[in-house]
Amino acid sequence: MRETPGFRTALAAAVAGGLLLAGPAAPGVTKAAAAASSTGTSSGKTLRVAMDGSGVDTLNPFTSFFNGALDIFGSIYPTLTSIDDSGAPKPYLATSWTLSDDHLTWTFKLRDGLKWSDGKPLTAADAAWTLHLIMTNDVAATANGTLVAGFDTVTAPDATTLVIKTKKPKSNVTYSSIPFSGIPIVPKHIWESQVAGLKDFKNDSFPVVGYGPWILTDYKNGQYAKLDANKSFVLGAPKYDHLIEQIYKETDAAVAALKSGQLDYISGVNATEYASLQHVDGVQTAQAVGHGWVGLELNPGAKTRTGKPIGTGNPALHDPVLRRAIALSIDKKTLVTKVLNGQGQVAEGYLPPAWPQWSWQPAPGKKQSYDPVAANKLLDDAGYKRGPGGTRTDPKTGKPLNLRLGIHSDDSADAAISRYLVGWLKVVGINAKIQAMSMSALNSDLGKGNWDMLMDAWTTGPDPTYQLGIQSCSTLPKDDGTGGNTDSFFCDPAYDKLFAKQATLFDPAERAKAVGQMQEILYEADVDLMFYNATTKIAASSKVGGLITGKPNADGFYPAQQTFWSYLKATPASAGASASSSGGGSTGLWLGIAGAVIVLGAGVAVVRRRAGADDRE
């Protein structure tokens with residue numbers, strides 16, 4: 001899932017405008033407070049969490065891939081299975097599952113008697129309809145089509161039985177539908193009338209009909225999502241009555257809210273903020289193993305599935321020699337030290353350390369270490385001569401190597417990294433021009449191929465199928481621009497062959513070998529340059545228990561955190577113990593502050609401000 005390395009926003013216009021929050025009478029506060037009170041948050045216990053910085057691209061689970069939206073889907077829609085701290089599948093809708101001797105037929109036994117939030121029965125027919133739609137409809141397959149690749153038929157012989165038949169043995173079927181990184185099951189009776197206009201369906205009639213630990217009752221774009229507890233949830237009712245996922249324009253605003261008791265949980269604070277919170281009264285901190293990467297995408301020649309060139313990418317990047325030189329010019333160790341304060345590790349493979357079963361490292365002698373001397377020699381030998389100012393020229397076109405470097409306008413990590421990149425690339429004769437873009441603009445350019453280099457970040461769950469799938473040829477867009485969920489327009493037949501193979505392997509070691517070969521192909525292509533795997537830094541109110549799940553390893557790092565379980569297990573220390581965990585006026589006040597897009601700090605109002613996945617840009 002594409003994610004944001006930090007919380008991202010647009011600052012320039014608001015800062016230039018000198019907006020100040022004068023006091024409680026500020027219009028933004030008044031309007032949002034009134035809206036918040038109408039959502040019913042004035043009574044009962046409310047858990048307030050910072051939404052993933054990627055935000056919500058759409059509330060349509062068939063087309064959405066921003067982490068903020070995926071968190072919501074995991075809370076309001078059921079999945080066939082869930083996963084435990086180790087990443088192993090466990091019951092959810094399905095209480096058990098069996099596999100035929102020929103490894104082609106999976107039979108899931110589903111719970112009986114469950115109901116959607118509108119009272120209609122939730123049966124295997126809903127699951128069969130959801131999966132079949134993704135199998136047969138290009139728009140429905142936008143976000144999760146790779147997860148049903150290889151499915152032959154999906155049927156519901158009765159209300160509690162789901163049968164999935166695959167064309168070939170497929171080892172990861174139990175991961176196809178899990179919270180956050182899998183396929184949400186939707187109510188057939190709500191969605192079947194929307195299929196014709198699925199591409200544009202926003203799914204924003206509240207309360208949204210679903211089934212999960214929470215019910216989505218309100219959402220304000222760029223402000224918050226408000227959810228109410230499902231007190232009859234089959235895996236146990238939430239301990240809070242309400243959940244508010246607050247959208248902050250940058251993590252320092254969320255940190256201030258946590259310190260003041262107006263927020264209960266932040267996942268993804270940066271290294272500096274984490275250090276500042278470690279000894280704050282009323283705050284608990286933890287680090288979880290890195291379950292994603294931050295890196296740089298290079299445009300190798302954007303094209304559609306039929307091979308039609310699209311976009312405005314610089315054709316010089318079609319040359320693998322140039323891409324390799326760029327890879328050798330980047331000092332990843334410095335990025336870990338300077339940007340992460342050492343709280344992470346240099347990334348090589350495409351899959352993160354949270355799931356060590358898929359760990360891959362380049363073979364001896366194949367590692368692309370920081371080596372600007374070697375990079376310069378590669379370019380010299382390939383005919384990239386230096387021109388005025390030291391900028392090299394493309395030997396095919398004679399044009400200077402001027403490359404656009406797209407970053408998220410609202411991400412301090414992107415800003416810090418980009419400054420290093422510009423300097424390192426200049427050393428090897430490449431002129432990089434930083435283009436700061438909003439989340440939506442960057443993603444729009446990505447799918448159209450209107451870019452040269454882009455900062456990116458992804459997270460992934462314990463099964464690698466989705467993450468590996470976005471590098472397959474099948475995720476290239478169609479000629480009409482639909483159906484694409486590509487990461488960097490990478491397409492390689494050998495990679496696709498291995499992608500199909502790994503899903504058929506039931507022996508863990510054999511599957512890991514195939515997955516490693518795929519990561520080697522990506523590494524050698526120099527299309528996605530992995531920078532680092534940061535630990536996930538978490539800060540939470542000490543008045544809330546259960547938010548940080550699992551037990552730390554020998555290094556003190558917790559397992560990859562899952563918001564599905566964190567929000568479900570969250571427990572208030574005592575009823576009304578803190579303003580943060582009780583309903584009342586503070587809810588409306590804080591939502592109002594967000595509605596005004598203004599943050600208080602040290603007596604001065606500072607306007608803060610993108611991708612994400614989860615994931616995804």
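Which residues lie nearest the centre of the largest cavity? In this predicted model, they are E348, Y523, D528, L529 and M530. The views below start there and then move on to some salt bridges.

**View 1. The largest cavity and its lining.** Here's the spot the opening question was about: a space of about 100 Å³ in the largest cavity. Its lining is made up of 13 residues. Sort them by class and you get 6 nonpolar, 3 polar and 4 charged residues. Helix and strand both pitch in, with α15 (508-525) and β18 (528-534) each supplying at least two residues of the lining.

**View 2. E348 reaches out to K367.** We've already met E348 as one of the residues nearest the centre of the largest cavity. Its side chain also meets that of K367 in a salt bridge, at 3.7 Å from N to O. Both residues sit in the loop between β14 (344-346) and α10 (372-381), so the pair ties together parts that are 19 residues apart in sequence. How accessible are the two partners? E348 is buried, because its relative accessible area is 6%, and that falls under the 20% cut-off. K367 has 47% relative accessibility, so it counts as partly exposed.

**View 3. A salt bridge inside helix α10.** Now for a pair that stays within one helix: D381 and K377 both lie in α10. They are 4 residues apart, or about one turn of the helix. Their side chains meet in a salt bridge at 2.8 Å, N to O. Is D381 buried or exposed? D381 has 57% relative accessibility, so it counts as exposed, the cut-off being over 50%.

**View 4. R511 and D463, a link between distant parts of the chain.** In this close-up, the side chains of R511 and D463 form a salt bridge, 3.0 Å from N to O. Where do the two partners come from? R511 belongs to helix α15, while D463 lies in the loop between β17 (453-459) and α13 (465-469). That puts the pair 48 residues apart, linking distant parts of the chain. Both R511 and D463 are buried.

**View 5. Three residues in one network.** Which residues do salt bridges with shared partners join together? The trio here is R324, E524 and D526, linked into one network. To put these close-ups in context, how many salt bridges are counted? The count comes to 11, and the pairs E348 with K367, D381 with K377 and R511 with D463 are among them.

Notes:
Residues are numbered from 1 along each chain as its sequence is written. This is a predicted model: local features need pLDDT of at least 70, side-chain atom pairs count only at pLDDT 80 or more; totals for chains, interfaces and linings use all residues. Side-chain values use heavy atoms; hydrogens and water are left out. On a 1 Å grid over the protein atoms alone, a cavity is a set of points where a 1.4 Å probe fits but cannot get out, and a pocket is an open set with protein on both sides within 12 Å along at least five of seven lines; lining residues have an atom within 4 Å of a point. Grid points are joined across faces, edges and corners, and a volume is the space filled by probe spheres set on the points. Ala, Val, Leu, Ile, Met, Phe, Trp, Tyr, Cys and Pro count as nonpolar, Asp, Glu, Lys and Arg as charged, and the others, Gly among them, as polar. A salt bridge is a side-chain nitrogen of Lys or Arg within 4 Å of a carboxyl oxygen of Asp or Glu. Buried means under 20% relative accessible area, exposed over 50%, partly exposed in between (1.4 Å probe, protein chains only).
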